[in-house]
2 protein chains.
Amino acid sequence: MALSLAPIQRPKSLHEQTYDALRASILSGELPPNVRLVETQLAEKFGVSRTPIREAIRQLQREALVTADDSGNLRVATITVADAVQLYDCRLALEQLAVEGACLQASDAQLQCMDDLITQAEQYITPPTSTQYYPIMLELDYQFHRLIAESSGNRWLVMLLEQVFDKMALLRVQTTRSNPRVLEIRFEHRQVYQGILAARRSDHPQAAIAPALQAIQTHLMASKARVVEAVQSLQQTTQN
Amino acid sequence: MALSLAPIQRPKSLHEQTYDALRASILSGELPPNVRLVETQLAEKFGVSRTPIREAIRQLQREALVTADDSGNLRVATITVADAVQLYDCRLALEQLAVEGACLQASDAQLQCMDDLITQAEQYITPPTSTQYYPIMLELDYQFHRLIAESSGNRWLVMLLEQVFDKMALLRVQTTRSNPRVLEIRFEHRQVYQGILAARRSDHPQAAIAPALQAIQTHLMASKARVVEAVQSLQQTTQN
DNA sequence: CTACTGTATACTGTATACAATACCATTAAG
DNA sequence: CTTAATGGTATTGTATACAGTATACAGTAG
């Protein structure tokens, strides 16, 4: 008669909730890059005391989403173009490993889920005012890449990539909100997916990985180029 | 007359010192894996109040050096063989990127420093009681790999690799203290170094990277095999 | 002897208090 | 008019208090 063996829904502690909320505020741009973080203000904003705030900040600091400026004040981190390039290099190295793992281990459910994510993204084809769909596209993009990492079965790979993604998200809130060219990911994602699917279905997956690897590399290189270009053109208009 | 532009030696705050000390205690094995971390005990041990302890723990938790067990108590993390394999995969992906970067960008000083580290390691040739030299070898090993990452000029790569290294160090404190076969790194390191040096000195470094990449791969695969073997033989003797 | 329950104890989560420091503005001195 | 001194305010660093929760132990009923 053991119906619910679930060890009870333990409510998240305040510092965990604070961490989540603060991280979300940063990644959404609500707390924009370089803004100073004042413990007392945040405590009031989230309706908690300073203690949980500090614990949350320490975690974000370790992930480099929060950094200390030269006078020691804590601020939301800013990501430069140089950082973006370096992060893309790390990302490519890690995602190639992820794709390789996915080619060998992805479950049918995971493959199906990838397909769904791409199809969903394809729904949002070229709406004239694509601005409102932009966050959705980004979220779908993130989920797709994360799912590949998860499919590899490598827990640490997921953790490492998540950190890289967070910093890239931070870069995005600094750059233009709407970059129509992001829509190109739809095609590139399908290429990656088909590479993984083909390898997974192949009799000798080990030998059939190459196209998938090539696809993820092409995708990320193109993505990197788009981001760099977007940031640079943004900086020009800013200087005018 | 600006002699010291250094922005003043700001004394580390207690929570930073606590973080360092706690991390060191974990990585050195003084606080062995799976030991329960009790805030009040740690506070007494380090002579501070619970507040800085908590902040330090939160950071270590984010790096997965500290984890919560099923009843929510915080413990020093334990790394399994499966984890080690996955970590080595991540490590190889990242270190190949590091070697590539080092081939293109390492400064003369950095190359010299690599040479020194290897030479130092070679000093400790086969002393009969190698046990006492074991920690030194590990430290030299770590520094060599870290230096390669730094030579790539990729700040994020260094951060990510550092996290991987920490977890591998944690695995090591679980496994046998003295594994004589670690000494083999001396030869393998020199291979890696010579690959990097050759590429760096080459007229077309971009084309001369392959040997260095091959060397780091060989080194890490061999290292992975040694670690896995060591852990497995350890488990056998434990079960007897 | 075993199982249950109550109580003391230990620990964590959170808030708050207090001290030290950095920042800012205003005023006084040169 | 500029610079230095001074006080006040904002903010962080750290300790501690207190409440809620888990854990262990003992005593009691079966």
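Exposed here means over 50% relative accessible area, and buried means under 20%. Keep those two words in mind as you look around this predicted model.

**Stop 1: helix α2 of chain B**

Select α2(B), which spans residues 39-46 of chain B. Which of its residues are buried? You will find B:Glu39, B:Leu42 and B:Ala43 in that group. Turn the view to look down the axis: the buried residues of α2(B) fall within an arc of 105°, so they line one face of the helix. An α-helix has 3.6 residues a turn, so residues three or four places apart point the same way. Now roll to the other side of α2(B), where B:Gln41 and B:Glu44 are exposed.

Next, show α1 (14-28) and α3 of chain B, since the buried residues of α2(B) pack against these helices. Just after α2(B) comes B:Gly47, with a positive phi near 70°.

**Stop 2: salt bridges around α2 and α3**

Stay with B:Glu39, which is buried at a relative accessible area of 17%. Add B:Arg54 to the selection: these two form a salt bridge, with 3.2 Å between the closest N and O atoms. B:Arg54 is in helix α3 of chain B and B:Glu39 in helix α2, so the pair ties together parts that are 15 residues apart in sequence.

Move to chain A and select A:Arg50 with A:Glu39. Their closest N and O atoms are 2.9 Å apart, in another salt bridge. This pair links helix α3 (residues 50-62) to helix α2 (residues 39-46) of chain A, and its partners are 11 residues apart. Are the two residues buried or partly exposed? A:Arg50 is partly exposed at 42%, while A:Glu39 is buried at 16%.

Now pick B:Glu55 and A:Arg58, whose side chains meet in a salt bridge (2.7 Å, N to O). B:Glu55 lies in helix α3 of chain B and A:Arg58 in helix α3 of chain A, so this salt bridge joins two chains. Both B:Glu55 and A:Arg58 are buried.

To see how such pairs connect, select A:Glu39, A:Arg50, A:Arg54, A:Arg58 and B:Glu55 together: salt bridges that share partners join them into one network. Over all chains, the count of salt bridges comes to 36.

**Stop 3: a contact between the chains**

Go to A:Asp83, in helix α4 (residues 81-105) of chain A. What does its side chain reach? It makes a polar contact with the side chain of B:Arg155, at 3.3 Å. Leaving out residues up to four places away in sequence, A:Asp83 touches A:Thr78, B:Arg155 and B:Trp156. A:Asp83 is buried, with a relative accessible area of 7%.

**Stop 4: the nonpolar core**

Select A:Ile148, A:Ile196, B:Ile148 and B:Ile196. Of the 132 residues in the largest nonpolar core, these touch the most other members. Zoom in on A:Ile196: its contacts beyond four places in sequence include A:Val99, A:Leu111, A:Met114 and A:Ile148.

**Stop 5: aromatic pairs**

How many aromatic pairs are there over all chains? The search finds two. In chain A, the rings of A:Tyr142 and A:Phe165 have centres 5.5 Å apart and planes at 85°, so the pair is edge-to-face. A:Tyr142 is in helix α6 and A:Phe165 in helix α7, so the pair ties together parts that are 23 residues apart in sequence. A:Tyr142 is partly exposed at 23%, whereas A:Phe165 is buried at 7%.

Finish in chain B, where B:Tyr142 and B:Phe165 also form an edge-to-face pair, 5.5 Å centre to centre with 85° between the planes.

Terms used. Residues numbered from 1 in each chain as written. Chains lettered and ligands numbered in written order. Predicted model: local features only at pLDDT ≥ 70, side-chain atom pairs only at ≥ 80, totals over all residues. Heavy atoms only, no water. Salt bridge = Lys/Arg side-chain N within 4 Å of Asp/Glu carboxyl O. Helix = DSSP H or I, 4+ residues; strand = E, 2+ residues; numbered from the N terminus. Buried < 20%, exposed > 50% of the residue type's maximum accessible area, 1.4 Å probe, protein only. Arc of directions from axis to C-beta. Contact = heavy atoms within 4.5 Å. Core = buried A, V, L, I, M, F, W, Y, C linked by side-chain atoms within 4.5 Å. Polar contact = N/O pair within 3.5 Å; in protein donor to acceptor, adjacent residues only side chain to side chain. Phe/Tyr/Trp six-rings, centres within 6.5 Å; stacked < 30°, edge-to-face > 60°.
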